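Welcome! Here is a short guided tour for anyone meeting this protein for the first time. Keep the 3D view open as you read.

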Amino acid sequence: MQTSTKTSDEIGSLVDACAPQWAILGRHIETPASYHEGVAVLACKLGRGLFAARPFAAGESVMWFTGKIIDFATVFARGMAAAGNPLQVDADRYIDVELHGLYVNHSCEPNVGLRDSHRLVALRPIAVNEEICMDYSTEMLERCWTMACRCGAAQCRGKIVDFDLLPAAVQAERLRLGIVQPFIVRQLAAQPNLSER
Ligand SMILES: [Zn+2]
C-alpha cells in the first residue's frame with residue numbers, strides 16, 4: 001500500500017464543478033427496499049465477499065451502495081487500512097459504505113459495474129454462488145489510496161490505482177461499458193492529460 005501527496009484542499013477545489021446533486025455532505029443515501037435481495041455475504045479466498053444468492057441476467061441491477069456521504073478528510077483520517085472501504089462518488093465525496101456493499105471485493109476482470117454512481121449492474125450473466133466483484137479503479141480518482149491486487153484474474157494488473165493511471169485499453173473498455181463514475185468521466189474530459197501530472 002502506498003500513499004501520495006494529493007491533499008484534501010487540492011481535491012476540494014474540484015468539487016463545485018462536478019458534484020452530483022444527491023452527494024450532499026452528511027446525507028444518508030438510501031436505496032430501494034429490495035436492494036440487498038439476491039446477494040449474501042459469505043467466506044471467500046480473501047476473507048469475506050458478496051455472492052449471488054440467485055442468478056442475474058446481464059444488465060440487471062445486483063445491489064445498491066448505501067451509507068452517509070462523507071468527505072476526503074474524513075475517509076483518510078481513519079487511516080489507510082480503512083480508506084479503501086468508502087465508495088468515491090465525487091472529487092471530495094464518498095459513500096461511507098454499509099452492508100452489503102462493504103463486502104464487494106475488487107477484480108481486474110469484474111462481473112459487475114457501477115451505474116448512477118452507486119448501483120451495481122451485472123456485466124454478464126452471473127450464476128448462483130458466484131462472487132460479485134467490481135473494478136475499484138472505476139470509482140477512484142484521488143491520488144491517495146492504492147492496494148496490491150491478488151484477484152487472480154488472468155488480466156490482473158497487480159495493483160489497484162486511480163482510473164486515469166490504468167492502461168489506455170482498460171480505460172477505454174470500462175468507459176465503453178458505462179461503468180466509470182460520472183465525476184471521473186467529466187474530469188478526464190476537462191483535463192485530458194490528467195495522468196501525465
Ligand atoms: Zn487484479
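## An open sheet of four strands

Let us begin with a sheet in this predicted model. Four strands form an open sheet in the order E1-E5-E7-E6, and their pairing is antiparallel. The edges are taken by strand E1 (28-29) and strand E6 (87-90); each has a single partner strand, so one side of each is left without a neighbour in the sheet.

At the E1 edge, two bridges link E1 to strand E5 (residues 67-70), and the two run antiparallel. If you would like to find this pairing in the view, look for Ile29, whose bridge partner in E5 is Gly67.

## The chain as a whole

Stepping back, the protein chain holds five helices and 13 strands. Of its 197 residues, 34% are buried. Many contacts reach far along the sequence: among those between residues at least 6 apart, 70% join residues at least 24 apart.

## Strand E10 and its partners

Strand E10 (residues 119-122) is a good place to stop next. Three bridges connect E10 with strand E4 (residues 61-64), running antiparallel, and here Ser61 stands opposite Val121 of E10.

E10 also pairs with strand E9 (residues 112-115), again antiparallel, through four bridges. In this pairing Val112 faces Ala122 of E10. E9 and E10 make a hairpin with three residues between the strands, where Asp116 takes a positive phi near 55°.

## The largest nonpolar core

Which residues touch the most other members of the largest nonpolar core? They are Val62, Ile95, Ile132 and Met134, out of 36 residues in this core. Two or more residues come from each of strand E3 (47-52), E4, helix H3 (72-77), E6, strand E7 (93-97), E9, strand E11 (133-134) and H5. E4 gives the most, with three residues.

Ile132 shows how parts of the chain meet here. Leaving out residues up to four places away in sequence, Ile132 touches Val39, Leu50, Phe51, Ala52, Val62, Val104, Asn111, Val112 and Ile126.

## Helix H5 and the loop before it

In helix H5 (residues 182-190), the buried residues include Phe183, Ile184 and Gln187. These three cover an arc of only 100° around the axis, which puts them on the same side of H5. The spacing fits a general rule: an α-helix has 3.6 residues a turn, so residues three or four places apart point the same way.

Gln181 sits in the loop between helix H4 (168-177) and H5. Is Gln181 buried or exposed? Gln181 is buried, because 24 other C-beta atoms lie within 10 Å, and 20 or more is the cut-off for that label. Beyond its neighbours within four places in sequence, Gln181 is in contact with Gln88, Val89, Leu114, Ser117, Thr138 and Glu139. One of these, Thr138, is 43 residues away from Gln181 in sequence, yet their C-alpha atoms are 6.2 Å apart in space.

## An exposed residue in E2

For a contrast, turn to Ala43 in strand E2 (residues 39-44). Ala43 has 9 C-beta neighbours inside 10 Å and therefore counts as exposed, since the label applies at 12 or fewer. Between the C-alpha atoms of Ala43 and Glu131 there are 10.0 Å, while the two residues are 88 apart along the chain.

Note on methods: Residues are numbered from 1 along each chain as its sequence is written. This is a predicted model: local features need pLDDT of at least 70, side-chain atom pairs count only at pLDDT 80 or more; totals for chains, interfaces and linings use all residues. The arc is that of the directions from the helix axis to the C-beta atoms. Two strands pair if DSSP finds at least two bridges between them. Two residues are in contact if their C-beta atoms, placed from the backbone, lie within 7 Å. A nonpolar core is a set of buried Ala, Val, Leu, Ile, Met, Phe, Trp, Tyr and Cys residues joined through C-beta atoms within 7 Å.
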